[in-house]
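Me: I'd like to go through some of the labels used for this one. Can you show it to me?

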Amino acid sequence: MKIFNTLGRRLEEFKPIKKGFVGLYTCGPTVYNFSHIGNLRTYIFEDVLRRVLEWNGFKVKQVMNITDVEDKIIKKAIEESKTISEITTPYTRIFFSDLEDLNIKKAAVYPRATRHIKDMLRMVKTLAQKGFAYRAKDDSVYFEIDKFPEYGKLAGLDKVALQSGARVESDEYDKEEARDFVLWKAQKPKEPSWPSEFGPGRPGWHIECSAMSTRYLGPTFDIHTGGVDNIFPHHENEIAQSEAATGKPFVNYWVHSEHLMVDGQKMSKSFNNFYTLRDVKERGFEPLAFRYATLMSHYRSKMNFTWEALEASQNALNNLRFEIAKLKMFADKSGSPDAENKFRFAFSEAVNNDLNVPEALGVAWQAVKDDSLSPKQKLRLLLDFDKIFGLGLENVKKPVIPRKIKAVVKERELLRANKQFIQSDALRNKIEALGYKLEDTENGPIVIKKPK
Ligand SMILES: [Zn+2]
């Protein structure tokens with residue numbers, strides 16, 4: 001299986017640290033608002049990555065953090081005169097329900113930042129003892145990037161751009177501000193705080209992920225993912241903190257998904273194109289249609305979301321379910337194993353080539369149309385492929401056709417046998433008007449309820 005490693009920026013053969021096992025850390029949400037569809041695209045990509053690893057026989061331990069203390073949360077809590085947990089609790093619940101709606105597999109652990117303050121403080125203390133961190137005049141503790149010569153290796157930062165000695169306190173900032181970043185923020189009025197040997201305060205965002213990932217996956221683990229906007233500063237800082245603290249390589253493969261655009265533009269509140277899963281549902285689409293839409297773009301390409309494209313995805317999903325339902329109506333019939341293997345191989349090749357899911361989706365649709373496959377084989381292939389697509393196709397039931405419809409189908413067959421085609425066509429129209437679709441196949445006619 002090949003995957004593109006942001007560290008080194010090249011396609012690499014994936015080799016796990018421990019045979020048959022993958023430690024996977026995926027940056028989770030900052031729970032102060034609804035996840036937007038760009039975040040959701042990243043979570044779906046991570047789910048697909050995990051499924052592809054499992055397809056290849058790996059046992060995957062996925063850890064996804066919940067950031068429940070951070071600048072944006074605190075700002076909102078102060079604005080609304082609430083505690084941070086009054087902000088984070090409802091949005092954490094909504095986050096989990098979004099994951100369920102999108103058929104995203106559950107991580108092994110969802111560690112909350114506020115429950116791992118001790119782990120973070122332990123790491124800050126180690127960094128201070130090893131001389132990588134210092135306490136500034138504002139009483140906050142900073143990581144000194146000059147002490148870590150490899151700083152910038154993930155984002156490919158020019159050393160010259162680094163401003164040694166200059167400090168940045170906010171959790172999010174641009175490449176232009178590569179400076180000493182905050183590990184522990186001294187308490188400010190109205191802000192929540194925890195006691196520590198550095199005085200009361202709260203963790204910076206970056207140390208949260210370093211502490212929680214190494215806590216559950218060890219000092220060195222296989223894969224760390226996120227969106228491209230996490231590369232700098234978040235992931236760069238995670239590497240610096242973790243490697244400085246443990247003295248070991250932090251992560252072997254960094255995998256990042258590209259942005260989601262809306263109508264060709266960046267999503268932003270000012271463009272009024274900042275969509276969530278609620279908007280998708282309110283417009284009558286299923287969350288799984290959005291999942292289908294994300295499968296149509298490669299994770300390293302920008303995805304352009306439009307409502308028209310979502311509608312096309314909803315239709316494609318309906319059609320796929322329709323095909324499955326149809327296949328379930330046929331009696332078992334064996335086909336050529338070679339043909340089936342050919343499709344399975346093409347599918348594996350696609351997903352193992354840096355998760356080329358758009359191509360894998362193409363293989364699935366070719367299988368639907370291929371005459372060398374028996375219905376049973378097609379069904380088996382589609383359900384297998386769905387282990388990676390995650391479209392819930394296993395839930396498609398064998399259709400139950402009302403007796404009234406069955407009788408009309410039978411009557412039509414008699415007319416056809418007598419070559420009374422005008423009359424038989426009239427019956428076909430009748431069936432269609434009743435909301436069913438009729439198809440004549442080599443195994444006889446099949447009838448199925450039309451997708452909504
Ligand atoms: Zn993170």
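Below are a few labels, each set against its cut-off.

Reply: Before we start, this is a predicted model, where local features need pLDDT of at least 70, side-chain atom pairs count only at pLDDT 80 or more, and totals for chains, interfaces and linings use all residues. Residues are numbered from 1 along each chain as its sequence is written.

Me: Why is T246 called partly exposed?
Reply: T246 has 16 other C-beta atoms within 10 Å. Buried takes 20 or more within that radius and exposed 12 or fewer, with partly exposed in between and C-beta atoms placed from the backbone, so T246 is partly exposed.

Me: What makes α6 largely enclosed by the rest of the structure?
Reply: 13 of its 16 residues are buried, so α6 counts as largely enclosed. T246 belongs to this helix too, and just after α6, G247 has a positive phi of about 75°.

Me: How do you know that the span of α6 is close to the expected one?
Reply: Helix α6 (residues 231–246) reaches 21 Å from first C-alpha to last, against an expected 22 Å. The expected span is 1.5 Å times one less than the number of residues.

Me: Why are α13 and α14 called roughly antiparallel?
Reply: The axes of α13 (residues 403–417) and α14 (residues 421–433) cross at roughly 160° and come within 8 Å. Angles over 145 degrees count as roughly antiparallel, so that label fits this pair. Residues making the contact include I405 and L415 of α13 and L427 and I431 of α14; contact means C-beta atoms, placed from the backbone, within 7 Å.

Notes:
Helices (H or I, at least four residues) and strands (E, at least two) are DSSP runs, numbered from the N terminus. Axes are lines fitted to C-alpha atoms, for helices over the stretch in contact, and angles run from 0 to 180 degrees between N-to-C directions. Angles under 35 degrees count as roughly parallel, over 145 as roughly antiparallel, 65 to 115 as roughly perpendicular and the rest as oblique. Two residues are in contact if their C-beta atoms, placed from the backbone, lie within 7 Å.
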